[in-house]
Amino acid sequence: MVFTNLISLIRRTIMQLSSSLSGRLCKSLLISGLILYSIYIFLSNHPCCYSITAFNNLMRFKGDNIQDDSPTNVSHLVFGITSSSRTWKNRITYIESWWRPNVTRGFVFLQNFTKYQLLPWPYSSSPTFKVSEDTSKGGQVIGMARVVAETFKMENKSVRWYIMAHDDTIFFLDNLVEVLSKYDHRKYFYMGMTSETHASNVAHSFNMAFGGGGYALSYALVEAMVENLDVCIKRYQTFYGGDHILQSCVADFGVSLTQEKGFHQIDLHGDISGFLSAHPQSPLISLHHLDYVDPIFPFMNRSQSLSHLMKVAKNGQLSQSRLLQQSICYHKPKNWTFSISWGYSIQIHESIFPPSFIQIPLQTFIPWRKLFNPFFLFNTRLPNNNSCEAPHVFFFESIMKMRSGNYHLLTNYTRRYSRKLPPCSSNGNHSADHLSEIHVLSPMKKLDWEGGRRECCDVNYEAKMNVTEIKLRDCMLDEIIP
């Protein structure tokens, strides 16, 4: 009814105007133009036709960021990395371990530096530097929160995701791209993971992605937030930590954290081999705080340990998809349980334990702070000297591609130290002390994390040999382990 009355009014107005115009063409153009304009005004404001408004909102995105339906790749990611004059020189090796010159995009934002202190920039294998904008009274904390806006201002063409991190964050790029490909960058996503410890989450927020582990913001979310981000930052400038400020601004915008278990803050101290040997069934995306834990491989320093792990990560996308993924198998004649953390370690228990037990990390580590008990957001099992429970531990040694039937990846693991315990007497005294090396053959394919199972495996052991072989494979339809 409203629409009919509107058209009648338009028609009367047009007839009055057209009487003063000469020529059929002029009348036709005037009538058509006024009708179309009036319909547009009506539809864009009428509640029944909000699809027009939605279309206008859709068009606010930059064309190349929304119209391209090609698969997400590393060129669609832009990194904003925070650093300072105090930490930069000691942590450049962390960034260089994963950064791909002329491939990855992004900047390292340096606090407490002047531009002239940094020139000429000698780090060709790291991101371009930027001196963080003046944040006046807020200092470094607000500077960290503003990195999102500064990164957006400098890079917003053909971008799908903004990745925020610290200068000691290590990324596994192929896995990161694979995870982000599951999500639509045209929607609002804030993605990362909380801390491993209760103390850190209580101090900040259980709804916050910790920046040390890195977090991802979709293009749509960043574009929508940047205009009013400074106002929001001032609202929360008394918070401790730029990550908490940003999370609060994201929450005020109406977006919650999407958790991905492969982001790791590593709020732990000591030996984290137990944690890395029982990784959740999720792609490894990042590690952090390696300066604050023991070297992750025995008899290596931190730099050597990281380089050793990256041998696997840089061996190709198929290898990276398997990194730290746990498989559990058994050699029942000896009552041995094998737990494989691919590309990192193998544990042998001289007893049969179900996967539900082996998947619980061995607590070789301690929490960042011992303020709350339980300390961790996950279950742990305490180390002990029970010969049936204490594992023999082998660590990754080498990787090579090969062709042997359906198996194309060979990883080798060696014993670095003796367990120094007697055999498990309750299971036939079948000691594994004589084993010094384990070979693992893997199919040349990416793992299916979404709705998939852990891989099963078969142990090929020959008596009195100091080397054994394990073949990973898909589990059979009705196969139950053990």
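Both cysteine 329 and cysteine 457 are buried. This is a predicted model, and the pair is a good way into it. Cysteine 329 and cysteine 457 form a disulfide, with 2.3 Å between their sulfur atoms. A disulfide is a covalent bond between the sulfur atoms of two cysteines. Where do the two partners sit in the chain? Cysteine 329 belongs to strand β11 (residues 326-331), and cysteine 457 to strand β18 (residues 456-460). The two cysteines are 128 residues apart, so this bond links distant parts of the chain. The torsion about the S-S bond of cysteine 329 and cysteine 457 is about -110°, which means that the disulfide is left-handed.

How many disulfides does a search of the whole structure find? The search finds four. Counted along the chain, the bonded cysteines follow the pattern 1-2, 3-7, 4-5, 6-8.

Another of these bonds joins cysteine 388 and cysteine 424, whose sulfur atoms lie 1.8 Å apart. Both partners sit in loops. Cysteine 388 is in the loop between β14 (365-367) and β15 (392-404). Cysteine 424 is in the loop between β16 (407-415) and β17 (437-443). This pair, too, links distant parts of the chain, 36 residues apart. The S-S torsion of cysteine 388 and cysteine 424 is about 80°, so this disulfide is right-handed. Are its two cysteines buried or exposed? Both cysteine 388 and cysteine 424 are buried.

Strand β18 also takes part in a further disulfide, between cysteine 456 and cysteine 475. Here the sulfur atoms are 1.9 Å apart. The link has 100° about the S-S bond and is right-handed. Cysteine 456 lies in strand β18 and cysteine 475 in the segment after β19 (467-473), so the bond ties together parts that are 19 residues apart in sequence. Cysteine 456 has 1% relative accessibility and therefore counts as buried. Cysteine 475 has 18%, and the cut-off for buried is under 20%. Cysteine 475 therefore counts as buried as well.

Now step back to the whole chain. The protein chain has 16 helices and 19 strands. Of its 482 residues, 51% count as buried. Take the contacts between residues at least 6 apart in sequence: 68% of them join residues at least 24 apart.

Next comes the nonpolar interior. The largest nonpolar core has 77 residues. Which residues have the most contacts inside it? They are Phe79, Trp98, Phe171, Leu176 and Ile272. Leucine 176 shows what such contacts look like. Leaving aside residues up to four places away in sequence, leucine 176 touches Leu77, Phe79, Ile163, Phe171, Phe263 and Ile285. A second, separate core has 31 residues, including Phe210, Leu221, Val222 and Leu246.

Trp98 leads on to a pair of helices. The axes of helix α5 (residues 88-98) and helix α14 (residues 302-313) come within 11 Å and cross at roughly 5°. Angles under 35 degrees count as roughly parallel. Helices α5 and α14 are therefore roughly parallel to each other. Which residues make the contact? From α5 come Tyr94, Ser97 and Trp98. From α14 come Arg302, Leu306 and Met310. By class, this contact of α5 with α14 has four nonpolar, one polar and one charged residues. Trp98 thus appears twice in this account: it is among the residues with the most contacts inside the largest nonpolar core, and it is part of the contact between α5 and α14.

Technical notes. Residues numbered from 1 in each chain as written. Predicted model: local features only at pLDDT ≥ 70, side-chain atom pairs only at ≥ 80, totals over all residues. Heavy atoms only, no water. Axes fitted to C-alpha atoms, helices over the stretch in contact; angles between N-to-C directions. Helix = DSSP H or I, 4+ residues; strand = E, 2+ residues; numbered from the N terminus. Parallel < 35°, antiparallel > 145°, perpendicular 65-115°, else oblique. Contact = heavy atoms within 4.5 Å. Nonpolar A, V, L, I, M, F, W, Y, C, P; charged D, E, K, R; others polar. Disulfide = S-S within 2.5 Å. Buried < 20%, exposed > 50% of the residue type's maximum accessible area, 1.4 Å probe, protein only. Core = buried A, V, L, I, M, F, W, Y, C linked by side-chain atoms within 4.5 Å.
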